[in-house]
Amino acid sequence: MTANKFLNLATSTLLRYRRYIQAGLTLCAGFGLSAIASSVAYNWEYKSMQAELQDRLDKIATDIQRDVSGNLEIIRAAGAFYSVFDGVKKPEMKTFVGSALYRHPSLKAIAWLPRFSGSPQFMTEEIALSLDLTGNRLALENATRRQEIIATERQKLPSQNHPSVFVFLPIFSQSYPGDTAALPQNLPAKNSESLKGFAFGILLVDAIVKSALQKTQLNFVNVYLQDAMAPEAERFLAFYEAKTKRIITDENIKNKLQLGERAYCPDGSSCTRIINIENRRWLLQLRLTPEYINPLRFWRSLTVLIFGTILSGAATLYLISLLNYTDRIEKIAAERTAKSQQLEQTLQELQQTQSQLIQQEKMSSLGLLVAGVAHEVNNPISFIYGNIHHAREYTTDLLELVELYQKHYLYPPLEISQHLRNIEFDFLMEDLPQLLSSMKIGADRIVQIVQSLRNFSRLDESEMKPVNIHDGIDSTLLILQSRLKATADRPPIEIVKNYGNLPLVECYAGQLNQVFMNILANAIDALESYNLDRGPKAAKANPIAIAITTEYSIPDKIIVRISDNGPGMAENVKKRLFDPFFTTKPVGKGTGLGLSISYKIVVEKHKGALRCDSTPGLGTEFSIEIPLRQEVRQAVPFVSRKISEAA
């Protein structure tokens, strides 16, 4: 009992404070979503920062590589000059070297180091630049052996104490005069005996770094450049301190500074780039200062978190007030819901009554018109049709009498002969029987049309009786014959009849004819619009047509299918096709009641089924299923007895 009481108390408490539970869940969900959004923003900011660092590093590395490569090309060009001319004092040489030094600030000097004549030893004494190259003997030997440019480790100029890199390009004597393209392939390596000297260049490290950084914005980001191939103690080349915006080449000063933390680029390279200086490899790194890793750089994620928290609190307060307000209006809403249901039911009944009244008035007017026309045409055509036979017999007798006169009176008086020629008696004898035959055919056609009109005018019959479905379809087609003919805008609409062998069907003949009328009229409207939209060429290649198929479905149903090759319908149109007052036609050309009334006639009056199968671009098919016998006969609303009597 204690457990049951506790359970009941907990249940009642939850029900009483359920609104606060929802508010608490909303608050927790808001905080969670805010944290997730803030985390996403933080990751985006961090990746953006990494991408920004990588772009900066790529630009600096590219600028350094381009500057060094340009300097090396100048040294190669100077070497080409030195290999052609014997001396270095010619004005052309000085002009070339001076122009190159002016255009390349990071290139300190270009000199010519000749070899001692008659001696295999390299020059080791001091030259005009006040440099002692004794310590670079190994670099000179490597350049001679490898026959390519050799760069040294970090050097210091005695005059200015600037860190620099020496570059040596060996120059050999030409063994074959003339065009070098004519030399034989696979030449043996040049030996030290053919060495004329070296083209010597000095590259200033600080000038190279300064040139690469002058167009790059580095806020709170240091740059560290070192020689990867030098010993550990001699790797330092230059350091850029972002705080003071200076380039430091003195290792003693560098050791007193904070280099900063390593940056990590998206590719996992720790923001390090390798720069190729011929035979050497330089390493370029970005170092982040404490100011760069300031939390304020992630202001977007902080803003998202704060804004999300505030929004979650506001949403929770609003939800609580909304739940309180909801409780107050629940009773009013319940009362209004009951009244709305009553109004909706009344509206549905009113719409059904309205559609029935419209159908009754429409059928009444159409039935009176058709019956009146059939009655008025039937009386005069009966006189014509009934007398054509006698007129034909009388004409035959008269023509036989004339032939007897011609046979026994070979030479009639002149006046009679003249009259026979004037009236073309021979042609009259031949054409008059044919004329009477044509009149009889026309009268037969009119009688058939009148009979069809009388069949169709049974729209108001309230009695259910067995009828021939094919007669109703043919009568409907006769009424619509004028719309099926060719017009100035379109060719004729072809009617393809695929009638099966159907028994008599017990139904309301007039109402079923109205179903055929509505479906066929809609098909004609759709085909006319479709023919205008697709153009004359497509209309000629695929003529518009309506197919009517009837079949007997065992055991007790007949099926009538009416299909066209028009544009078809979309799915959203098919769903509302049988709704009252729904139409896709322009204003003034449709009421939206035709298919709704047809659905009621087939489904409610005849206990059948009316379906629509349509695919855009492939046409539309309506399927009408009617049972052969109706178990419960319902009298249709009375319209007018005068219609059937007049017909």
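**Exercise 1. The surroundings of Arg-287**

Which residues does Arg-287 touch, not counting residues up to four places away in sequence? Locate Arg-287, decide whether it is buried or exposed, and list its contacts.

*Solution.* Before starting, note that this is a predicted model, in which local features need pLDDT of at least 70 and side-chain atom pairs count only at pLDDT 80 or more, while totals for chains, interfaces and linings use all residues. Residues are numbered from 1 along each chain as its sequence is written, and side-chain values use heavy atoms, with hydrogens and water left out.

Step 1: Arg-287 is placed in strand S10, which spans residues 280-288; helices (H or I, at least four residues) and strands (E, at least two) are DSSP runs, numbered from the N terminus.

Step 2: with a relative accessible area of 11%, Arg-287 is buried, where buried means under 20% relative accessible area, exposed over 50%, and partly exposed in between, for a 1.4 Å probe and protein chains only.

Step 3: taking contact to mean heavy atoms within 4.5 Å, and not counting residues up to four places away in sequence, Arg-287 touches Phe-220, Val-221, Asn-222, Tyr-224, Leu-259, Gly-260, Glu-261 and Arg-262.

Step 4: a C-alpha separation can be added, since Arg-287 and Gln-258, which are 29 residues apart along the chain, have C-alpha atoms separated by 9.5 Å.

**Exercise 2. Two packings of helix H12**

Describe how H12 packs with H10 and with H15, giving angle, axis distance, handedness and contact residues.

*Solution.* Step 1: two packed helices are described by the angle between their axes and the distance between the axes. Here the axes are lines fitted to C-alpha atoms, for helices over the stretch in contact, and angles run from 0 to 180 degrees between N-to-C directions.

Step 2: helix H10 (residues 469-479) and helix H12 (residues 509-534) pack at an angle of about 45 degrees, and their axes are 9 Å apart. That angle makes H10 oblique to H12, given that angles under 35 degrees count as roughly parallel, over 145 as roughly antiparallel, 65 to 115 as roughly perpendicular and the rest as oblique.

Step 3: the crossing of H10 and H12 is right-handed; a crossing is left-handed if the near helix is turned anticlockwise from the far one by less than a right angle, and right-handed if clockwise. On the H10 side the contact is made by Ile-469, Gly-472, Ile-473, Thr-476, Leu-477 and Ile-479, and on the H12 side by Leu-512, Asn-513, Phe-516, Met-517 and Leu-520. These residues divide into eight nonpolar, three polar and no charged, where Ala, Val, Leu, Ile, Met, Phe, Trp, Tyr, Cys and Pro count as nonpolar, Asp, Glu, Lys and Arg as charged, and the others, Gly among them, as polar.

Step 4: for H12 and helix H15 (residues 594-605), the axes come within 9 Å and cross at roughly 145 degrees, in a left-handed crossing. From H12 the contact uses Gln-511, Leu-512, Val-515, Asn-518, Ile-519 and Asn-522, and from H15 it uses Gly-594, Leu-595, Ser-598, Ile-601, Val-602 and Lys-605, which by class are six nonpolar, five polar and one charged.

**Exercise 3. Val-602 in helix H15**

State how far Val-602 is covered and what surrounds it.

*Solution.* Step 1: Val-602 lies in helix H15 and is buried, with a relative accessible area of 0%.

Step 2: leaving aside neighbours within four places in sequence, Val-602 is in contact with Val-515, Lys-607, Gly-608, Ala-609, Leu-610, Ile-624, Glu-625 and Ile-626. The C-alpha atoms of Val-602 and Ile-626, 24 residues apart along the chain, are separated by 7.2 Å.

**Exercise 4. Backbone exceptions in loops**

Find a cis peptide bond and two residues other than glycine with positive phi, and place each of them.

*Solution.* Step 1: most residues other than glycine have a negative phi, and most peptide bonds are trans.

Step 2: Ile-554 and Pro-555 are joined by a cis peptide bond with omega of about 10 degrees, and Pro-555 is found in the loop between strand S14 (545-553) and strand S15 (557-564).

Step 3: Glu-278 has a phi near 55 degrees; this residue sits in the loop between strand S9 (272-277) and strand S10 and is partly exposed, with a relative accessible area of 30%.

Step 4: Lys-607 likewise has a phi near 55 degrees; its place is in the loop between H15 and strand S16 (609-615), and Lys-607 is partly exposed at a relative accessible area of 49%.
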